[in-house]
Amino acid sequence: MTALIGILVFPGVFFLSLFGLVCEFVDRKLHARLQHRVGPPWFQPLADFIKLVSKETIIPEEADRTMFRLMPALAVAAAAAAALYIPMWSAKALFSFSGDVIVVIYLLTIPTLTFFLGGWSSTSLYAMIGSVRCLTQLFAYEVPLFMGVLAPFMLASTWNFSELAEFYRAHPGYMIFNVIGFAVSLVALMGKLEKVPFDIPEAETEIVAGSFTEYSGRYLALFRMAVDIEMVVGASLLAAVFLPFGLGLPAGVAFALYVIKVLFVVVLLSILRTLFARLRIDQMVDFCWKYLAPASLVQLLINLAVKGALLS
Amino acid sequence: MSKVTIPIGPQHPALKEPARFCLTLNGEKIYEIDLRLGYNHRGIEKACEERTYIQAMYLVERVCGICSHSHSTAFIQAVEEIAGLQLPRRGLYIRTLIAELERIHSHLLWLGVAGHEVGFDTLLMYAWRDRELVMDILADLTGNRVNYGINTIGGVRRDVTPRQIERVTKAMDTFEERTKYYVQVATEESTLIARLSNVGKLCYDDAMRLGAIGPTARACGLERDARKADPYGLYGELDFKVITDKHSDVYGRAVVRLLELMESYRIIRQLCKGMPEGPIAVKAPRKIPAGEALSRYEAPRGEDVHYVRGNGTDKPERVKIRAPTLANLQAVAKMLEDNYLADTTIVIAAIDPCFSCTDRAVLLKKSRRRNEEPVLWNSLRDYGIAWHRKQGLDFGDMNRRFGRMMERSSR
Amino acid sequence: MKKPGKMLMEVLRHAPKKPATEMYPHVRPYVPERFRGRLDFIPGKCIGCKMCMRDCPSKAITINKIGDKKFEAVIDLDRCIYCGQCVDSCPKDALLMTTDFELAQLDRRKLKIVLKDAGNATDAKPEAEPEKPVA
């Protein structure tokens, strides 16, 4: 029963959706203020969601109807499932086992795959080009993201979130060594969330809305919710891995701290996306392999060296 | 991935006006381009023939929303030349002042649009925020933010007050500071440079051959500016430079436009300083004598050409408008070759296109026959040559010599 | 010299400032003095020369005789292009442009207004109060 509530309400789908909308609001509002605009009112993301849900759904005749309908739900499910393994109010997550970080990272890959499959099965030219770009981009940012996120775990000699938190509670100073990894993961996360400069798969001035071109009504609403949840989960992942302090505090305080940490990552993402022009797909791949991947390798080397010198 | 044909337009989020670019893609690279125009033909030239000169002027002003002053000035310059009107100095000053303010507003608009096309919305927001300043000045001077309605045959309709001149001069300081900042952003922000440089290359020879004009040509190092080449209005006595650039790509076009803004501020400063006293318009006759005139005008997008023929009544007999975008469209097809799909929109946007202004297709039909088939361009050309031969005029030899001359000069 | 994130300082500097967005309709926009809005007609001055009708580019104005030396102006607001040529053409200054710009109607018939007495157009709204220019 607790598990069911955990999955459905807190910290499951309902909480994540709500928190996702809050994060979207913070992101949009800050983006607007940085651009010297007013920005949307606080209820705008929710209003958008309700509007989309109540609108007519149009499915292209040529589209693969089952895939077309299944993908949005799958995207939300995968993104929400990942959140269950991330610690939020204590060192222990709702579910935990040895190696859960690998599962979280892989679950976070699934939404991107559903974007690809959804776009591909809608058989529109724009959607197909967007889908192909989606996959191309996935191969570019995924490796740096993996290496960046896994580096702190290497330092702690574990593949488990709870043990990671315990380790950094015992040695809080070691968090400093992961700065490069944090930067790399943040940039790679922008690629995963398809934010400028990596919003190539849905570049509106080139291919309309990329994978989502043919989506409308509640399926589009679900997809957008999936993106929001992905943002929360991604930010939570970064917060849990790179800012693992304060998890030993009382549950309420630790949870408030968690919210602040996630919003901090969202604010960083928002500032970053204000500053750049959209890259081209070839430039994006170049950038990821030329700068991001080596930087994450450097992080791994640093952690190996630190482990050898200080922890042995 | 096999070859895919993807339509950009007639409706597409990147195009603000209808035009169709059918791109055949080889992966992400463009392999072939098919360009279709004519989705927004409004019959303005014909409509002008049924209106008096004053009425036609307001119609011509609405050819384009951004360079409305350019079109109305180009039109009435031609009318004034036919009527032999001598404009009062103050009228000319005001007309030129509005023209340069319009250039500022158009170039800032372009900067924002270019930013948007490459996904740099922050640049769009800031450029358009600063553009509001010049829009407010234009509204203050003329009464409206677009379609200023300041021109009239024989001068301008509204005088400027000393307070307004002071406001314009003061605003120039702000603009200069902001433009310097945008030059810095355009030349230093690495993602922007990555998207702009080496995109939409057009070499000097191609620009010459395809007849590119305006900032598009000037970014290829081609010194083409009607303000210098064929000074009209006050431009003969103003001190300004024609900005050129050697980059020949979208980056060069951005730089040319930004530096042209700086020149515009200089021109406006000179105009505000030297504004003479006196009347702002002379009385124009209702009936314009018979005659014809061709008027060239350097609009923000390039050279705007208007041809007017009068027949002694109060209505023009023929009006022909060549909007600047038309001259640059051939160049766009060349620029797009072998580029990425992602760069299509910025390459198209780089000529600052205005498709609705451009669309004035004419379909000629052989009316005597039952089945009305359209007359093709080649047969029309043959007909024209034959007609002139009959009149005792043969341009064939001259044409050939001119062709050779062009070839030599482009080499 | 290339550097990423050139606009960082600029956006951070502007974030706490008041946004540049105009808050219309909550805040009245600045309408310049010379703004060409809805036409107004002073019947007492009209001499019925119909110069305005002749010069109007869109045939939006009609002057009718409704009595001895009495005229009314019928204006099609949906045809009018707000160029103000009729005001310039009028030899007796019987026409003038107001700064009234909120002219949208749900019913097209309401866009045809008949002006018989000064300022009492059938659908005239209170005039917008021009604010101080922001410089």
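In the predicted model, strand S2 (residues 20-26) and strand S3 (residues 29-36) of chain B run antiparallel and are joined by 7 bridges. The two strands form a hairpin with 2 residues between them. In the turn, B:Gly27 has a positive phi of about 70°. Within the pairing, B:Cys22 of chain B stands opposite B:Asp34 in S3(B). In a regular strand the side chains alternate between the two faces of the sheet.

Nonpolar packing was examined next. The largest nonpolar core has 101 residues. The residues with the most contacts inside this core are B:Phe21, B:Leu23, B:Leu97, B:Leu101 and B:Ile104. Both domain 1 (3-36) and domain 2 (44-358) of chain B give residues to the core, so the core lies between them. When residues up to four places away in sequence are not counted, B:Ile104 touches B:Val134, B:Met172, B:Leu261, B:Ser264, B:Tyr265 and B:Ile268. A second core of 81 residues is separate from the largest one and includes A:Leu84, A:Ile229, A:Met231 and A:Leu238. In soluble globular proteins, nonpolar side chains tend to be buried together.

Charged pairs were then considered. Over all chains, a search of the whole structure finds 52 salt bridges. One of them links A:Asp27 with A:Lys195, where the closest N and O atoms are 3.1 Å apart. A:Asp27 belongs to helix H2 (residues 13-34) of chain A, while A:Lys195 lies in the loop between helix H8 (179-192) and helix H9 (204-207) of chain A, so this pair ties together parts that are 168 residues apart in sequence. Burial is assigned under 20% relative accessible area; A:Asp27 therefore counts as buried at 4%, and A:Lys195 also counts as buried, at 10%.

A salt bridge between chains is formed by B:Arg286 and C:Asp55, with the closest N and O atoms 2.9 Å apart. B:Arg286 is located in the loop between helix H11 (250-274) and strand S6 (291-299) of chain B, and C:Asp55 in helix H2 (residues 51-55) of chain C, so the pair joins two chains. The partners differ in exposure: B:Arg286 is partly exposed at 33% relative accessibility, whereas C:Asp55 is buried, with a relative accessible area of 2%.

Within chain C, the side chains of C:Asp107 and C:Arg109 meet in a salt bridge at 3.3 Å, N to O. C:Asp107 has a relative accessible area of 26% and is partly exposed, while C:Arg109, at 69%, counts as exposed. In chain B, salt bridges that share partners join B:Glu100, B:Arg103, B:Arg218, B:Asp225, B:Arg227, B:Glu260 and B:Glu298 into one network.

The interface of chain C and chain A was also analysed. The size of an interface is often given as the accessible area lost when the parts come together. Chain C and chain A bury about 1,000 Å² between them, and 72% of this area is on carbon and sulfur atoms. The contact takes 15 residues from chain C and 9 residues from chain A. Of the area that chain C buries against chain A, 38% is supplied by C:Val11, C:Ala15 and C:Pro19, more than by any other three residues. Across this interface the rule finds 0 salt bridges.

How values were computed:
Residues numbered from 1 in each chain as written. Chains lettered and ligands numbered in written order. Predicted model: local features only at pLDDT ≥ 70, side-chain atom pairs only at ≥ 80, totals over all residues. Heavy atoms only, no water. Salt bridge = Lys/Arg side-chain N within 4 Å of Asp/Glu carboxyl O. Helix = DSSP H or I, 4+ residues; strand = E, 2+ residues; numbered from the N terminus. Buried < 20%, exposed > 50% of the residue type's maximum accessible area, 1.4 Å probe, protein only. Pairing = 2+ DSSP bridges. Core = buried A, V, L, I, M, F, W, Y, C linked by side-chain atoms within 4.5 Å. Domains from an automatic or database assignment. Contact = heavy atoms within 4.5 Å. Buried area = accessible area lost by both parts, 1.4 Å probe.
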